[in-house]
Amino acid sequence: MPAHDVLIIGAGLAGQRAALAAADAGASVAIISKVHPVRSHSVAAAGGINAALNPEDTWESHAFDTVKGSDYLGDQDAIEIMCREAPEEILWLEHAGVTFHRSPTGHLGTRAFGGASQARTYYVADITGQAILHVLYEQLMKHHERVDRYEEWFTTTLLQDDAGNCVGCVARDIRTGALEVFDAKSTILASGGAGQAFKPTTNALICTGDGIAQAYRIGAPLMDMEMIQYHPTTLAENGFLITEGARGEGAHLYNALGERFMEKYAPNKLELASRDVVSRAEQTEINEGRGFPDGTIALDITRVPRKRTLEALREIVNIGKDFAGVDITREPIHIKPGMHYIMGGVKTDFDGQTPIPGLYAAGEVACVSVHGGNRLGANSLLDTLIFGRRSGAHAAERARGVAMPKSASSVLSDAQAGIDAILNRPTGGRRVSEIKNELGETMNRYVAVYRDAEGLATAREIVQRLKQEAPNAAIDDKGSVFNQDVLAAIELGYMLDCAEAIVMGAQERRESRGAQFRTDFPERNDEDWLHHITVSLNGDGPELGTAPVTITKWQPQARTY
Ligand SMILES: Cc1cc2nc3c(=O)[nH]c(=O)nc-3n(C[C@H](O)[C@H](O)[C@H](O)COP(=O)(O)OP(=O)(O)OC[C@H]3O[C@@H](n4cnc5c(N)ncnc54)[C@H](O)[C@@H]3O)c2cc1C
C-alpha cells in the first residue's frame, strides 16, 4: 500500500508545481493523474500568463485590474499575494527552461490581454501551457527520487480518519483495473475544472469536476460555483477556443452589419474589455438579430500582420483551417461565446487549505478566491502555479507534524464493491453519454451568459432527474483493462454534483455580477450580495451558505471598460 507525506491528485500545472514545492521541502510525494501528465488540460492553455514584471508596471496595478475584473467578488488579500508573487514565478519558470517570447531588444516580450491596464501577459507563441507543462514534467523526472508518479491512475474517493482528517485516497490503475489505497499525511487536490458539465465547452474530455465533487462529498464547502466563464471567442460547432491572444495582437470583432460593436459596450477597452463584458456584448448582438445566420459574430484577425500571426498565433491558424475551414490570415472567422472556465471550486485559504484538516486544493479545482465573479485572461496559469507552489510547501510542512495514517483493509473492499455495482448494472438502460449530453445541453441553454429564475428552475429540475437516472446508466464494457465506460459512469456523478451546485448558486444570487447576469435582476447589488455563496453537503442534500469577501484597499466602484 503506497504511503507518502504528500499525495497530489492531478498532474496539470497546479499539481506538478505543488509536487516540486513539496519535494523541495523534503517531503516524499506521490502524484496521480488519470491521463499522462503532459496530456493534462493545462497543455491546452494558449495565450499566456500574467505578471507585473516590467519596470513600468506594478503588482498593485495587476491586483487592481484583477479585483475590478472579478467585479469585486475576489478576495483582495489572496489577489495581493498572487500578484506580488507573480514576477518571481515567471523568472523561476524562465530559469527552469520555459522559452518565453523575447522582444527584439532581448527582453521577455508581453502581449495585451483583456481587462488589463498594461500589456503584462508573458507567452510562448500560443502554446504557453504546453511549454510550461513540459518543463515542469522534466523537473518532476529530475526529482524522481522524491516524487513517485502514478500515471493513468483514476482517483475515486478521498479518505478520512475518525477525527475527520483527510488521509489519502482510493485510486484505480486504469491499465489493469486494480484498486489501491494511497495513505498520505497531506492530500492536495489539483484535479482541474468541470467544463464537461456544459456542451459545448473549450475544456477537454477529462475536465469532469472529479476533485470538486470528491471534496464536496466528504464535507468541504464549494464557493462561487455560480460563476461560470463564457469565453468570447469559441467555434460554434465544437467549442474550440480561439485565444484571447488574437485580440491582444489586434483582432477586431464585427457583427453581421459590419459594425465594430464593442464601441457601444466598452468604448475605452473595446475588444479587450474583460471576458464577461465582451461575451455579453456578443450575445446581445446575436439575440437582437445582428449576428450571422449561424448565431455567430466575426473575429477579424486579418488586421494582424500575416507574418506575426504565423509566428505568434500559429496554433489558431491550424484550428481555423482544420476545424472551421478558414484561413484566419486571409478572412474573418465566425465565433460565439462558449463555456470556458469555472471561477468557483473547493473553498481554500491562500495556502490551499480547505476546512477539512489535511485536505488542500489548488488550481482550477479550487476557489481561493482570486477570480471572484470573472477571471481575467492569463490569470489562471498564474493561479495554478502560485497556489500550487504554496499548497505543496504548506502540505509538506504539515506532514512533518503528523504520523503516517493507515487505512483499514475494509476501505479497499468497499471501493471494489462500488466498482462491481457499476459493472453489474443491467444493460438496456439509458447510456452514460446520453445523460451527459442532456446535462451539457441543459447547462448551456439555461446557465449560460444570460440567466433567469425560470430557466434556472428548469435546469435544476433536469439536473435532479438526471441525478436519479445516472446510478442506473448502462455500461457496455465489463472488462478491467482501460475500461473507460466505468470511469465515465463515475465522472457523470461528479459532473452532476458540480452542476447542481452551479445552478443552486445561480438561483440564490439574485443580482448580476461578473459572469452571472440575471435578466430578472440586471443590476449589481452590493448591499445584499457582496459576499460569496457556498454550497456544502449536509446529510444527503446540498445546503447554501455565505462567506465574507475580503476587501483590503479597493472599495467597490461602478465597473466600466
Ligand atoms: C483552451 C484553453 C486555453 C486556455 N488558455 C489559458 C491561458 O492562455 N492562460 C491562462 O491563464 N489560462 C488559460 N486557460 C485556463 C487554464 O489552462 C486552466 O485553468 C489550467 O490549466 C488548469 O490547470 P490545473 O492544473 O488546475 O488542472 P488541469 O491542467 O486540468 O489538470 C488536472 C489534472 O487532474 C487529473 N485528474 C482529474 N481528475 C482525476 C481523477 N479522478 N483521478 C486522477 N487524476 C485526475 C488530470 O489527469 C490532470 O492531470 C485555458 C483553458 C482552456 C480550456
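Q: How does the reach of helix α14 (residues 453–469) from its first C-alpha to its last compare with the span expected at 1.5 Å a residue?
A: Helix α14 (a DSSP run of H or I, at least four residues, numbered from the N terminus) has 17 residues and reaches 24 Å, close to the 24 Å expected; the expected span is 1.5 Å times one less than the number of residues. This is a predicted model: local features need pLDDT of at least 70, side-chain atom pairs count only at pLDDT 80 or more, and totals for chains, interfaces and linings use all residues. Residues are numbered from 1 along each chain as its sequence is written, while side-chain values use heavy atoms, without hydrogens and water.

Q: Which residues of α14 are buried, and why are they said to line one face?
A: Gly455, Leu456, Ala459, Ile462, Val463 and Leu466 are buried (under 20% relative accessible area, with exposed over 50% and partly exposed in between; 1.4 Å probe, protein chains only). Seen down the axis, they fall within an arc of 125 degrees (from the directions of the C-beta atoms), so they line one face of α14. Glu454, Glu461 and Gln468 are exposed on the face turned away from that buried side.

Q: What makes Ser380 a polar contact of the ligand?
A: A polar contact is a pair of N or O atoms within 3.5 Å, and a side-chain N or O atom of Ser380 is 2.7 Å from a ligand oxygen. Ser33 also qualifies, with its side chain at 2.8 Å, and so does Leu381, through a backbone N or O atom at 2.7 Å.

Key: Polar contact = N/O pair within 3.5 Å; in protein donor to acceptor, adjacent residues only side chain to side chain. Helix = DSSP H or I, 4+ residues; strand = E, 2+ residues; numbered from the N terminus.
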